[in-house]
Amino acid sequence: MSTETASRHFIRDIVDEHNRTGRFGGKVITRFPPEPNGFLHIGHAKSICLNFGLAADYGGVCHLRMDDTNPTKEEQKYIDAIHTDVKWLGFDWGPHEYYASDYFEQLYEWAITLIEKGLAYVDDQNAEQIRQTRGTLTRPGTESPYRNRSVEENLGLFQRMRAGEFGNGEKVLRAKIDMASPNVNLRDPVMYRILHAPHPHTGDKWCIYPMYDYAHGQSDSIEGITHSICTLEFEDHRPLYDWFCDALEIHHPQQIEFARLNLTYTVMSKRKLLTLVKDNHVADWSDPRMPTISGMRRRGYTPAALRNFCARIGMTKFNSTTEFALLEHCVREDLNKVASRRMAVLDPLRVVITNYPEDQTETMSAVNNPEDESAGRREVPFSKVVYIERDDFMEDPPRKFFRLAPGKEVRLRYAYWITCTDVIKDDAGNIVELHATYDPATRGGESPPPDSAGNVRKVKGTIHWVSAEHALDAEVRLYDHLFTKENPDEVEEGQDFTAHLNPDSLKIVTGAKLEPSLADFEPGDPIQFERIGYFTPDIDSTKDTPIFNRSITLKDTWAKMQKKQ
RNA sequence: AGGGGAUUGGUGUAACGGUAGCACGACUGACUCUGGAUCAGUUAGUAAAGGUUCGAAUCCUUUAUCCCCUGCCA
């Protein structure tokens with residue numbers, strides 16, 4: 001568990017400083033504030049681990065808050081998915097589930113306060129006019145002709161906005177700050193817009209909705225948040241965040257910004273992920289190739305692996321890109337500890353053991369997890385005909401090939417040592433079957449007793465197998481990176497990020513042969529197919545056709561050696 | 001001179017004026033009934049230039065490069 005303990009980082013330094021000076025009375029209250037407009041991804045996991053982790057470490061609490069201020073993009077199904085994913089990741093918000101929309105009434109009243117203070121006004125300009133008068137990055141904006149309406153007029157208009165007297169876009173409420181500010185966010189930002197749209201949580205109660213800048217900080221304030229942690233792009237918004245809290249004279253949390261996670265071979269924005277879903281480049285948000293939490297869950301990644309990954313990537317303000325290999329390392333590290341070992345043959349080649357009695361079946365005792373003795377052992381049926389992996393045989397093997405070849409001896413894991421005697425081919429010259437003999441003295445895979453001179457026969461290779469008579473047929477889905485380029489956004493003129501989608505990101509294998517006990521697992525259960533990789537049953541599995549997703553391959557130094565040549 | 005932020009091995013990070021460390025990756029080797037795991041080792045870095053200091057990744061100045069900001073998105 002110590003690996004999951006985050007190391008020191010700048011946010012902890014800030015919190016420590018606050019605690020030292022007593023700014024928040026030693027309290028730490030954080031929040032994870034997703035907008036329910038898409039599924040959570042691994043980048044959100046970084047934020048979730050940070051916010052919940054910080055609260056836990058400092059004896060505080062972390063709230064889950066739906067940042068639901070834009071009903072045109074938000075849906076209940078996303079809210080449900082957020083619940084599932086945060087829980088699955090291992091975090092508990094207890095009673096602290098909130099919705100920005102719960103605060104709409106308070107936000108409205110505070111807007112009136114600002115109008116009364118002369119700090120907000122109703123603007124009749126349309127979106128285009130507001131854009132035109134905002135100025136540019138290098139030139140100041142110009143003030144709206146409606147900027148100096150009386151408090152009474154503003155109050156009346158704002159009340160009528162709420163009452164639904166105006167159409168979408170006819171009027172907005174703006175904060176009166178500074179049209180000449182070098183920070184564009186301070187040039188009279190829009191606080192409320194009119195949106196005649198039903199809201200997943202408030203139904204048709206409202207037709208005016210607060211903008212992020214006006215809703216977020218105020219929601220933080222209402223909840224007594226001490227540290228409002230967000231990503232770098234909000235750095236420019238902090239002065240506005242502070243302005244609202246100061247103007248309203250309400251509890252004032254500290255906004256802190258950190259760099260969002262980037263991963264090689266991956267896109268992370270919800271907009272792009274939505275595109276992948278909508279354009280059917282993937283099956284849905286929880287497609288195992290997606291960097292979503294639900295996709296990774298379906299793929300067989302574990303919560304512990306994701307949490308550990310989040311602890312390892314660090315926390316800085318530097319815009320970096322983490323190698324996918326680090327995530328894979330964390331996944332293998334956890335899966336190695338917890339996965340049940342089983343035997344499965346993906347590309348079967350029949351082997352007939354010619355000197356093994358017809359009709360005989362034995363059961364062989366196999367270790368369930370060499371990393372965890374408490375996982376115990378199981379019995380695996382063995383008989384005259386077995387399947388081995390086609391890759392584990394070569395008719396004309398190179399020097400360092402330790403597997404089966406004509407005249408060569410190899411160990412069938414937990415069973416017997418066999419020697420290949422014949423290669424059977426079809427008319428086209430394809431290998432269809434192997435004949436072999438076994439050595440009864442090697443039962444269980446053990447070395448045979450020493451000969452009269454005291455020499456012990458050795459065997460270098462051990463391969464996996466499945467008894468043909470007892471095998472389960474299955475479909476196996478093999479996944480690879482969704483993109484072929486480390487940075488999918490690096491594209492030629494006129495292309496977009498879909499230009500480098502990997503056509504081989506999903507390979508479906510049918511007719512895989514499984515050890516019978518593989519029928520006993522549920523989606524999410526971590527399994528290692530020995531010598532191949534980590535797998536978990538897919539939710540599409542049926543009694544007749546079990547389906548397994550490959551979570552990740554085992555490291556394969558043999559494949560690496562081959563590749564180099 | 002628009003504003004804001006950033007820059008340490010291939011990658012991600014630590015070092016808070018005092019020995020540049022850790023992890024991932026890559027590469028060796030040992031061990032192994034998984035060519036897995038494990039173990040041992042190798043590799044490679046403070047963006048640049050000035051300055052302050054006994055001493056600078058850290059402080060100052062200048063430069064370079066990168067990211068964000070002109071939604072009635074968040």
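## Strands, helix α8 and domain contacts in a predicted model

Strand β5 (residues 172-175) and strand β6 pair in the antiparallel sense over three bridges; strands pair if DSSP finds at least two bridges between them. This is a predicted model, in which local features need pLDDT of at least 70 and side-chain atom pairs count only at pLDDT 80 or more, while totals for chains, interfaces and linings use all residues. Residues are numbered from 1 along each chain as its sequence is written, chains are lettered from A and ligands numbered from 1 in the order in which they are written, and side-chain values use heavy atoms, with hydrogens and water left out. Helices (H or I, at least four residues) and strands (E, at least two) are DSSP runs, numbered from the N terminus.

In the β5-β6 pair, Leu-173 stands opposite Tyr-192 in β6. Strand β6 also pairs with strand β7 (residues 208-210), in the antiparallel sense and over three bridges. There Tyr-192 stands opposite Pro-210 in β7. Strand β6 (residues 190-194) is mostly covered, with five of its five residues buried. Buried means under 20% relative accessible area, exposed over 50%, and partly exposed in between (1.4 Å probe, protein chains only).

Helix α8 (residues 238-248) has Leu-240, Tyr-241, Trp-243, Phe-244, Cys-245, Ala-247 and Leu-248 buried. The buried residues of α8 pack against β5 and β6, and also against α4 (104-116), α7 (212-223), β8 (227-231) and β9. An α-helix has 3.6 residues a turn, so residues three or four places apart point the same way. Just after α8, Glu-249 takes a positive phi of about 55°.

The structure holds zero disulfides, a disulfide being a pair of cysteine sulfur atoms within 2.5 Å. Two cysteines that are in no disulfide are set out below.

| Cysteine | Nearest cysteine sulfur | Distance | Relative accessible area |
|---|---|---|---|
| Cys-49 | Cys-310 | 3.9 Å | 15% (buried) |
| Cys-245 | Cys-230 | 13 Å | 1% (buried) |

Met-268 is found in the loop between β9 (254-258) and α9 (270-278). Is this loop residue buried or exposed, by its relative accessible area? Met-268 is buried, at 12%. Leaving aside its neighbours within four places in sequence, Met-268 is in contact (heavy atoms within 4.5 Å) with His-41, Ile-42, Gly-43, Leu-261, Leu-263, Leu-273 and Pro-291. Met-268 and Trp-285 are 17 residues apart in sequence and 12 Å apart in space, C-alpha to C-alpha.

The domain assignment of chain A gives domain 1 (2-258), domain 2 (270-341 + 473-564) and domain 3 (344-464); such bounds come from an automatic or database domain assignment. The centres of domain 2 and domain 3, taken over C-alpha atoms, are separated by 30 Å. Contacts link 24 residues of domain 2 with 25 residues of domain 3. Between them the two domains bury about 1,900 Å², 55% of it on carbon and sulfur atoms. Buried area is the accessible area (1.4 Å probe) that two parts lose on being put together, summed over both. Lys-513, Arg-531 and Trp-558 supply 35% of the area that domain 2 buries against domain 3, more than any other three residues.

Three salt bridges are counted between domain 2 and domain 3. A salt bridge is a side-chain nitrogen of Lys or Arg within 4 Å of a carboxyl oxygen of Asp or Glu. The side chains of Arg-531 and Asp-392 meet in a salt bridge, at 2.2 Å from N to O.
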